[in-house]
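Me: Please take a close look at one part of this model, the backbone in its loops, and then set it against the helices. Which details deserve a second look on screen?

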Amino acid sequence: MATVSLLILPIAIVKYAMSGHSWLAGYYLFLCGLILFDLRAYLSGKRLPINAAILLIAVQIGDLILIRHHGTSAAFWLFPITVAGFFYCALWVATSIGVVAMVLGPVLSYLASHDPWFAFRLGVALGTVILFVRFMLTTMWAMQANLEHALERDALTGCYNRRAFMRLIRGDVPVSSGALLFVDIDHFKKINDRHGHIVGDKVLVAVVEAMREVLKGQGHIYRIGGEEFALLMPNTPIELAAMIAERMRRHISQQAMPGEAGEADREAQGTVKTRVTVSIGVEKFSSGEEIEAALSRADNHLYRAKQAGRDRVMSSMSVSDDGPARGEPSRFSRERPEDHSADRESVLR
């Protein structure tokens with residue numbers, strides 16, 4: 001837009017100044033100044049200090065003035081100006097300005113040339129361009145939204161994936177104060193070894209569905225490991241989060257999870273069900289705190305729950321003073337340490 005405008009407008013400035021139309025020359029000179037100011041600000045700081053809609057309206061008015069004084073040769077600049085508006089204005093703003101140009105452009109062209117057929121074709125062509133660009137942009141934005149949704153969803157369980165959780169850790173997504181639940185399926189490796197990975201996948205799906213039933217939309221579930229999940233509950237006190245975690249633990253332990261049976265059992269009763277339990281660490285976090293720090297504390301609570309015998313909930317309200325020290329780096333840190341002890345990993349398994 002700046003390149004086209006700065007190539008055309010100086011010619012109009014000189015022409016109007018020489019013909020005695022000083023106010024038109026002054027308007028285009030002012031317009032060039034606005035464009036240069038905006039362009040410099042954008043190139044230096046990637047920002048537009050002047051509202052994009054105001055600049056678009058000013059450029060459109062400039063072209064309409066050219067049509068009125070120079071006829072149909074200036075009408076063709078309505079097309080690039082209208083299309084450019086869709087890329088740096090809101091969709092409804094660009095559409096509204098484009099529709100106004102679609103009406104005034106043919107009218108001014110007719111007044112300048114007295115050619116109704118050209119004016120009609122100009123209006124139809126501008127309307128077609130506006131509809132096409134709108135359709136193209138809305139389709140592109142819908143595809144982008146679907147792609148972003150797919151990139152941040154776990155393909156198996158449908159909950160958010162580790163990539164989405166890492167965005168929280170990096171601070172890309174603002175989060176209000178609340179509670180964080182760290183959930184781990186007990187003895188999941190034994191489930192895979194005994195029943196196979198297909199049944200293990202079904203267990204993961206069933207556990208996530210059970211967690212959703214308890215949460216009832218009050219939190220977000222992230223799958224951050226094979227059988228490990230982080231549950232983010234904004235605006236939730238830790239006391240209430242601990243109660244919800246306990247309700248979730250009981251609900252999952254009472255569910256009949258998928259399990260593989262022998263051939264004779266399959267023929268008699270179909271798929272045999274197996275009991276699955278989870279251990280949960282609960283921690284609070286504040287809006288000014290890094291999620292990773294809360295995750296590290298919840299990870300320690302989860303470790304204590306595993307040490308205490310699994311199938312239980314641990315939080316800062318239930319931690320004894322003689323437990324392991326807090327403040328260890330999270331196992332899901334961006335700079336994940338490589339020296340975690342083998343016994344800690346075995347307990348978590």
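Reply: The loops come first, then the helices. The model is predicted, so local features need pLDDT of at least 70 and side-chain atom pairs count only at pLDDT 80 or more, while totals for chains, interfaces and linings use all residues. Residues are numbered from 1 along each chain as its sequence is written, and side-chain values use heavy atoms, without hydrogens or water.

Start at His187, in the loop that joins strand 1 (178-185) to helix 8 (188-195). Helices (H or I, at least four residues) and strands (E, at least two) are DSSP runs, numbered from the N terminus. His187 has a positive phi, near 55°, although it is not glycine. Most residues other than glycine have a negative phi. With 31% relative accessibility, His187 counts as partly exposed (buried is under 20%, exposed over 50%, partly exposed in between; 1.4 Å probe, protein chains only).

Asn235 is in the loop between strand 3 (228-234) and helix 10 (238-254). For Asn235, too, phi is positive and near 55°. Its relative accessibility is 63%, so Asn235 counts as exposed.

Now the helices. Val100 belongs to helix 5 (residues 91-113) and, at 46% relative accessibility, counts as partly exposed. Elsewhere, helix 2 (residues 22-45) and helix 3 (residues 52-70) have axes that come within 11 Å and cross at roughly 150°. The crossing makes helix 2 roughly antiparallel to helix 3 (under 35 degrees is roughly parallel, over 145 roughly antiparallel, 65 to 115 roughly perpendicular, the rest oblique). Axes are lines fitted to C-alpha atoms, for helices over the stretch in contact, with angles from 0 to 180 degrees between N-to-C directions.
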